[in-house]
Amino acid sequence: MATPGPVTPEASLEPSKAPVIEGFSPTVYSKPESFKEKFIRKVRENPLVPIGCLATATALGYGLYCFNQGHSRRSQLMMRTRIAAQGFTIAAILVGLVVTSMKSRP
């Protein structure tokens, strides 16, 4: 394991300041984002993920409702639909990661 270099007085650990790491920029955005701004940006970058999450939640909710009403066949169908929606969501996340990594390459 590599040993860290010498600590200089300028690079002392201050809790109020982020450590300076050469060649690393913690964010590519100039100003801090609010939750709403970040959510909207993420949805625009990969709109399939929220669609998959909504489909998963809908299938789960309707499946539980059918289970409560005693419609076991429809409840089983909705649980299988939920699994398919979860798979779609995971695939959307992976595709989004690949697309984002391809964009960031020079």
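**Exercise 1. Determine where T89 lies in this predicted model, whether T89 is buried or exposed, and what its side chain reaches.**

Solution. Begin with the secondary structure, in which T89 belongs to helix α3. Next take its accessibility: the relative accessible area of T89 is 8%, and since buried means under 20%, the residue counts as buried. Then look at the surroundings, where, once residues up to four places away in sequence are set aside, T89 touches V49, G52, C53 and T56. Finally, follow the side chain of T89, which reaches the backbone oxygen of G52 at 3.2 Å.

**Exercise 2. Work out which residues of α3 are buried, what they pack against, and how the length of α3 compares with the expected one.**

Solution. The first step is the length: α3 has 33 residues, and the distance from its first C-alpha to its last is 48 Å, close to the 48 Å expected at 1.5 Å a residue. The second step is the list of buried positions, which for α3 consists of S75, M78, R82, A85, T89, A92 and G96. The third step is to ask what lies opposite, and here the buried residues of α3 are found to pack against α2.

**Exercise 3. Explain why the buried residues of α2 can be said to line one face of the helix, and state what covers them.**

Solution. Start with the geometry of the helix as a whole: α2 comprises the 22 residues 48-69, which at 1.5 Å a residue should span 32 Å, and the end C-alpha atoms are 31 Å apart, so the two values agree. Now collect the buried residues of α2, namely V49, G52, T56, A59, G63 and C66. Viewed down the axis of α2, these residues fall within an arc of 130°, and they therefore line one face of the helix. The general background is that an α-helix has 3.6 residues a turn, so that residues three or four places apart point the same way. On the other side of α2, by contrast, I51, L54 and N68 are exposed. As for the cover over the buried residues of α2, it includes α3, which runs over residues 72-104. Just beyond the helix, α2 is followed by G70, whose phi is positive, near 95°.

**Exercise 4. Describe how M79 and R74 are placed relative to residues earlier in the chain.**

Solution. Take M79 first, a residue of helix α3. Its C-alpha atom is separated by 6.0 Å from that of G63, although the two residues are 16 residues apart along the chain. Not counting residues up to four places away in sequence, M79 touches A59, L60, G63 and L64. Now turn to R74, which is also placed in helix α3. Its relative accessible area is 43%, a value that makes R74 partly exposed. The C-alpha atoms of R74 and L64, residues 10 apart along the chain, are separated by 9.9 Å. With residues up to four places away in sequence again left out, R74 touches Y62 and C66.

**Exercise 5. Establish where N46 is placed and which residues N46 is in contact with beyond its neighbours in sequence.**

Solution. N46 is found in the loop between α1, residues 35-45, and α2. Its relative accessibility is 17%, and because buried means under 20%, this loop residue counts as buried. Leaving aside neighbours within four places in sequence, N46 is in contact with A92, I93 and G96. The side chain of N46 reaches the backbone oxygen of A92 at 3.0 Å.

**Exercise 6. Compare the annotated transmembrane regions with the model, and then characterise the chain as a whole.**

Solution. In an unreviewed UniProt entry, the annotation "transmembrane region" covers residues 48-67 and 83-102. Over residues 48-67 the model is 100% helix and 0% strand, with end C-alpha atoms 28 Å apart. Residues 83-102 are likewise 100% helix and 0% strand, and the end C-alpha atoms of that span lie 29 Å apart. For the whole chain, the count is 3 helices and 0 strands, in the sequence pattern α-α-α. Buried residues account for 14% of the 106 residues, while the chain exposes about 9500 Å², of which carbon and sulfur atoms supply 66%. Lastly, of the contacts between residues at least 6 apart in sequence, 46% join residues at least 24 apart.

How values were computed:
Residues numbered from 1 in each chain as written. Predicted model: local features only at pLDDT ≥ 70, side-chain atom pairs only at ≥ 80, totals over all residues. Heavy atoms only, no water. UniProt positions renumbered as here; feature names shortened; annotations may be inferred. Helix = DSSP H or I, 4+ residues; strand = E, 2+ residues; numbered from the N terminus. Buried < 20%, exposed > 50% of the residue type's maximum accessible area, 1.4 Å probe, protein only. Contact = heavy atoms within 4.5 Å. Areas by Shrake-Rupley, 256 points an atom, 1.4 Å probe, with all protein chains shown as cover. Expected span 1.5 Å × (residues − 1). Arc of directions from axis to C-beta. Polar contact = N/O pair within 3.5 Å; in protein donor to acceptor, adjacent residues only side chain to side chain.
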